[in-house]
Amino acid sequence: MSATATRLRRLAASTAAIAAVAGGGVILFSSVSANERGGGPALEAMRRRINDPTVLLPSRAVQESALIGASSANPLDILVIGGGATGSGVALDAAARGLRVGLVEREDFSSGTSSRSTKLIHGGVRYLEKAVFNLDYGQLKLVFHALEERKQVIDNAPHLCHALPCMTPCFDWFELLYYWVGLKMYDLVAGPRLLHLSRYYSEKESIELFPTLARKGKDRRLRGTVVYYDGQMNDSRLNVGLACTAALAGAAILNHAEVVSFLKDEASERIIGARIRNNLSGKEFDTYAKVFVNAAGPFCDSVRKMANKDAQPMICPSSGVHVVLPDYYSPQGMGLIVPKTKDGRVVFMLPWLGRTLAGTTDSNTAITSLPEPHEDEIQFILDAISDYLNVKVRRTDVLSAWSGIRPLAVDPKAKNTESISRDHVVSEDYPGLVTITGGKWTTYRSMAEDAVDAAIKSGKLTPGSGCLTQNLHLIGGDGWEPSSFTVLAQQYVRLKKSQNGKIVPGVMDTAVAKHLSHAYGTLADQVATIAQNENLGKRLAHGYPFLEAEVAYCARHEYCESAVDFIARRCRLAFLDTDAAGHSLPRVVEILAAEHNWGKSRKKQEMQKAKEFLETFKSSRNARFHDGKHQ
């Protein structure tokens, strides 16, 4: 109690200071004019270009030809290496400024860390706690920045992002007061970027809102909860949306294409080109650019070592494991976050796409393209959440479990290399190669802006405008409303083939209509049209709203080139239910084969690769475990 009381006294002492900052004339948010940031006519022109319904995404062949056509005499302005959130954000930002941009991604857009996140768009509440107790204005500025970027991510992709209430249980009156005061300060700091006001709920009200929350624990009793709001997203679909928006803005983007070596100017040693391998065809070609942006996430050091084999590492990789449980573990529309468990870690349970997402861990790991969760990490998460639930937490309930690698960054120019940052680092430690790494999903847009600014400086580029991405909707976001799904439900039917080949009509039920509306935004009617007109209205897996029509749509309009691309990144079935994803594979491969003209050999190869991929998701059905405590 004394430790909590001390923290409360510090909190109270800092409240007045932060209130003074918030209300004393200090500018918390950017007030740069639209013209200075490249708004005005340039922004309106880019919005019209992205939202023009008559404009189709360039085909993969066209995109590859554009990269091949960039010569030493007529180079691209920027070539981005890596198609995760940051890389795709860089491509969009640069293309929107009027620069000639290319992007290559070794696997698929969002195939790495960007699809394996916590799915939260954080407003920086933990930075606020550090700012208060360390009296650190630098940490406070991080809170302001995170809050601003959180609001912009949600506003620019409203179909893929939403506000989520998060409940923090308190088993001590001092603890309850501490979190209530702290989150009220968070509301104050958020100002115009506030999603909703935080509030206190009594024990009775809390149980009504979160029925599986335990009233009693070991020598403790629930005193109440404090609920605050953060953002939640469908991360890989947001990433794919970024990549496709960049393509509409003029970027030549190519997934399944890998940089195998750099080409350097003999006199200056500056990087001027790259050798690219198309991993689908095996063919290689050269492309040229004035500046290269390394946004390869955990793999950025391997890219840097292609330029300079003696480059000092920038990445300190950390593993974050998440598990997916049935929906009854948490109510729809309410998350549970414990900021500090008995061993000092953060634990959460969040409703996500009709299931419950729980996590997470934070431990050192090796860098690999397909990280796997360790059984003890899964058991740790189950142990941690069981302390706060009245439901028996069982290992057999785990529908999917995965690991993601966080690329924590060390600035190679910093004298003290022990200072690992959760913020991002931009560095040009080799002429012509700008590296952007670290950071987090919430701030991808400002990270991309910083990287493009650095690339412009490095290559002495002349953009047509300033940064436009602060107020630029992603594809499918402009004009979308939460009620848009009702149009799909009323105007479309799902036609599907039965096993004997007969066409059977089905309703566009609310679950499917809502899913399509949230996944594709204003483009959902195109998927519904395929379901209706091409007899692809059947669900891919029992109990999930994903349709066969989505496979065809993604192959045609979202650069979906493999079965794994679809089950992991275009729809989220691999992350939601590994077993269901496995059952859907034959039909997914069959539809993709028809779209891409695959032969028997390629279909067999796709099935094998997808099965190997799913084996890295340690659900209860594809993992061996000793189910001692969680039976």
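**The second largest pocket and the cysteines**

By class, 17 nonpolar, twelve polar and seven charged residues make up the lining of the second largest pocket in this predicted model. The space inside that pocket comes to about 1100 Å³. Its lining takes in 36 residues, and those closest to the centre are Gln332, Trp352, Leu353, Gly354 and His518.

As for where the wall comes from, the elements that put two or more residues into the lining are strands E4 (161-170), E8 (224-233) and E15 (347-352), along with helix H14 (510-520). H14 chips in with six residues, the largest share of the lining.

Turning to the cysteines, a search of the whole structure turns up zero disulfides. Take cysteine 467: the closest cysteine sulfur belongs to cysteine 161 and sits 17 Å away, so that gap is too far for a bond. Cysteine 467 is also tucked out of reach, with a relative accessible area of 7%, which makes this residue buried.

Cysteine 560 is in no disulfide either, and here the nearest cysteine sulfur, the one in cysteine 554, is 5.7 Å away. A disulfide calls for two cysteine sulfur atoms within 2.5 Å, so the 5.7 Å between cysteine 560 and cysteine 554 does not qualify. Cysteine 560 has 0% relative accessibility and therefore counts as buried.

Definitions and conventions
Residues are numbered from 1 along each chain as its sequence is written. This is a predicted model: local features need pLDDT of at least 70, side-chain atom pairs count only at pLDDT 80 or more; totals for chains, interfaces and linings use all residues. Side-chain values use heavy atoms; hydrogens and water are left out. On a 1 Å grid over the protein atoms alone, a cavity is a set of points where a 1.4 Å probe fits but cannot get out, and a pocket is an open set with protein on both sides within 12 Å along at least five of seven lines; lining residues have an atom within 4 Å of a point. Grid points are joined across faces, edges and corners, and a volume is the space filled by probe spheres set on the points. Helices (H or I, at least four residues) and strands (E, at least two) are DSSP runs, numbered from the N terminus. Ala, Val, Leu, Ile, Met, Phe, Trp, Tyr, Cys and Pro count as nonpolar, Asp, Glu, Lys and Arg as charged, and the others, Gly among them, as polar. Buried means under 20% relative accessible area, exposed over 50%, partly exposed in between (1.4 Å probe, protein chains only).
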